[in-house]
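The exercises below are meant to be worked through with the sequence and the model side by side. Try each task before reading its solution.

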Amino acid sequence: MFCKNCGQQVEDNVESCPNCGAKVKEDTFAQNTQTYTNQNQPMQQPVQKGTNGFAIAGFIFALLGGLLGLIFSIIGLVQAKKENSPKGLAIAGLVISCIWIVIYIFYFALFSALLDPLSNY
Ligand SMILES: [Zn+2]
């Protein structure tokens, strides 16, 4: 290896440079710890979690229509918040369920309005 102070080639087992007297071993030790921490850094990154089962089920049930979609989407959204996993599918299921509920209310109102005059007879 080479001395960091003067650039002179020195033997690996010497503690200090025979040319300038600067400590050589300390430098190599610092370099080793630096590479060690660099290698450890990718391990500390959080693991990306996938969408949870409740959100997927909620989305599918929401597409079919009905209260199950709403229930599963709410559970999926709560689960996603706890696990810090993607919420997109749970929110989509919730929105679709809300659209279905609006359609149900609209049809119920429409049918009750149509059936009301008939019930008088
Ligand atoms: Zn030196």
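Two residues are in contact if their C-beta atoms, placed from the backbone, lie within 7 Å. This is a predicted model, in which local features need pLDDT of at least 70 and side-chain atom pairs count only at pLDDT 80 or more, while totals for chains, interfaces and linings use all residues. Residues are numbered from 1 along each chain as its sequence is written.

**Exercise 1.** List the elements of the chain from the N terminus on.

Solution. Helices (H or I, at least four residues) and strands (E, at least two) are DSSP runs, numbered from the N terminus. With these terms, the chain has 4 helices and 0 strands, and the order of its elements is α-α-α-α.

**Exercise 2.** Find which residues have the most contacts inside the largest nonpolar core, and which helices supply it.

Solution. Begin with burial: a residue is buried if 20 or more other C-beta atoms lie within 10 Å of its own, exposed if 12 or fewer, and partly exposed in between, with C-beta atoms placed from the backbone. A nonpolar core is then a set of buried Ala, Val, Leu, Ile, Met, Phe, Trp, Tyr and Cys residues joined through C-beta atoms within 7 Å. The largest such core has 13 residues, and A55 and A90 have the most contacts inside it. At least two residues of this core come from each of helix 2 (53-64), helix 3 (67-83) and helix 4 (88-119), with helix 2 giving the most, 6 residues. Leaving aside residues up to four places away in sequence, A90 touches A55, G58, S73, G76, L77 and A80.

**Exercise 3.** Decide where the buried residues of helix 3 lie when seen down its axis.

Solution. First list them: the buried residues of helix 3 are G69, F72, S73, G76, L77 and A80. Next, take the arc of the directions from the helix axis to the C-beta atoms; the buried residues fall within an arc of 145°, so they line one face of helix 3. On the other side of this helix, L67, K81 and K82 are exposed.

**Exercise 4.** Describe the backbone and the surroundings of N84, stating whether this residue is buried or exposed.

Solution. N84 is found in the loop between helix 3 and helix 4, and its phi is near 60°, a positive value in a residue other than glycine. Most residues other than glycine have a negative phi. As for its surroundings, N84 is exposed, because 10 other C-beta atoms lie within 10 Å.
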